[in-house]
Amino acid sequence: MKDSRELEFDAPLKLFLQWLGEAEGSEPNDATAAALATATPDGRPSVRMVLIKRIDEGGFSFFTNAESRKGCELAENPRAALCFHWKTLRRQVRVEGSVTELERGIVDAYFHSRSRRSQIAAAVSKQSRPLESREHLEEEVKRLEEANLREVPCPPLWRGFNVRAERIEFWLDGPDRLHDRFLFSLEDGGGWRKTRLYP
């Protein structure tokens, strides 16, 4: 008998993009928002929300200041986990893998695709460092705005990071806690092994 809640996909990226497309139509805000977990070399974890800006066969990519807490942790321990949670659809996707930096040209192109105000905010932010006051931040933004630059230079510390998925788990809410979980594990040959997990 065919399992009515079996996933009909063997390629996790194709399934992820289908789910993302559905989430973009149902979520009130950013469907590409994900919790990003990093850790220090001695295993102290930290987690925060990021927007995933590139999704392809190479992985899941986001952009940030390299001197932020996540940037520093990734420099020392280049592994990460992501969790997408689409509450309206009652679905989650978890991604785990190694992390590499994106090429500078990709980073610059993304930076300049943002609004001018967002570029300025990124240029003045010393992300994760102590800030004496909100007023000080706003003054720095105003100074850069008044510099009348034709183009806001992409800060050298602005980087892109790519999580190359090695494990992708799809979770579907079920009645009476009988959820469905499917784990895709990357094999040595580059293919994916699909395993159904207990909820």
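Trainee: Before we look around, what makes a pair of side chains a salt bridge?

Mentor: A salt bridge is a side-chain nitrogen of Lys or Arg within 4 Å of a carboxyl oxygen of Asp or Glu. Bear in mind that this is a predicted model. Searching the whole structure turns up 17 salt bridges.

Trainee: Why are Glu169 and Arg94 called a salt bridge?

Mentor: Their N to O distance is 3.3 Å. The cut-off is 4 Å, so the pair qualifies as a salt bridge. Glu169 sits in strand β7 (residues 158-172) and Arg94 in strand β6 (residues 91-101), and the two are 75 residues apart, linking distant parts of the chain.

Trainee: How do you know whether Glu169 is buried or exposed?

Mentor: Its relative accessibility is 6%. Buried means under 20%, so Glu169 counts as buried. Its partner Arg94 has 38%. That value falls between 20% and 50%, so Arg94 is partly exposed.

Trainee: Which residues are linked with Arg94 in a network of salt bridges?

Mentor: The network links Arg94, Glu169 and Arg181.

Trainee: What makes Glu140 and Lys126 a salt bridge?

Mentor: Here the N to O distance is 3.4 Å, and the limit is 4 Å, so this pair passes too. Glu140 lies in helix α5 (residues 134-146), while Lys126 is in the loop between α4 (116-124) and α5, so the salt bridge ties together parts 14 residues apart in sequence.

Trainee: Are Glu140 and Lys126 buried or exposed, and how do you know?

Mentor: Glu140 has 17% relative accessibility; buried is under 20%, so Glu140 is buried. Lys126 has 51%; exposed is over 50%, so Lys126 is exposed.

Trainee: Why is the pair Glu138 and Arg134 said to be separated by about one helical turn?

Mentor: Because Glu138 and Arg134 are four residues apart in helix α5. The closest N and O atoms of this salt bridge are 2.9 Å apart, which means the 4 Å cut-off is satisfied. Glu138 is partly exposed at 42%, whereas Arg134 is exposed at 56%.

Trainee: What can bring such side chains together?

Mentor: Side chains of opposite charge can pair when their charged atoms come close.

Trainee: What makes the contact between Asp180 and Arg196 a polar contact?

Mentor: The two side chains are joined at 2.6 Å. The limit for a polar contact is 3.5 Å, so the distance fits. Asp180 lies in strand β8 (residues 180-186). With 6% relative accessibility, Asp180 counts as buried.

Trainee: Let's step back to the whole chain. How many helices and strands does the protein chain have?

Mentor: There are five helices and nine strands. Along the sequence they follow the pattern α-β-β-β-β-α-β-β-α-α-α-β-β-β. The C-alpha atoms fill a box of roughly 70 × 35 × 30 Å along the principal axes.

Trainee: How many residues does the protein chain have, and what share count as buried?

Mentor: The protein chain has 199 residues, and 39% of them count as buried. Its accessible surface comes to about 12,000 Å², with 49% belonging to carbon and sulfur atoms.

Trainee: What share of contacts joins residues at least 24 apart?

Mentor: Among contacts between residues at least 6 apart in sequence, that share is 62%.

Trainee: And where do the charges of the protein chain lie on average?

Mentor: The mean positions of the 32 positive and 33 negative charges are 1 Å apart.

Key:
Residues numbered from 1 in each chain as written. Predicted model: local features only at pLDDT ≥ 70, side-chain atom pairs only at ≥ 80, totals over all residues. Heavy atoms only, no water. Buried < 20%, exposed > 50% of the residue type's maximum accessible area, 1.4 Å probe, protein only. Contact = heavy atoms within 4.5 Å. Areas by Shrake-Rupley, 256 points an atom, 1.4 Å probe, with all protein chains shown as cover. Lys, Arg positive; Asp, Glu negative; His and termini not counted. Charge placed at Lys NZ, Arg CZ, Asp CG, Glu CD. Polar contact = N/O pair within 3.5 Å; in protein donor to acceptor, adjacent residues only side chain to side chain.
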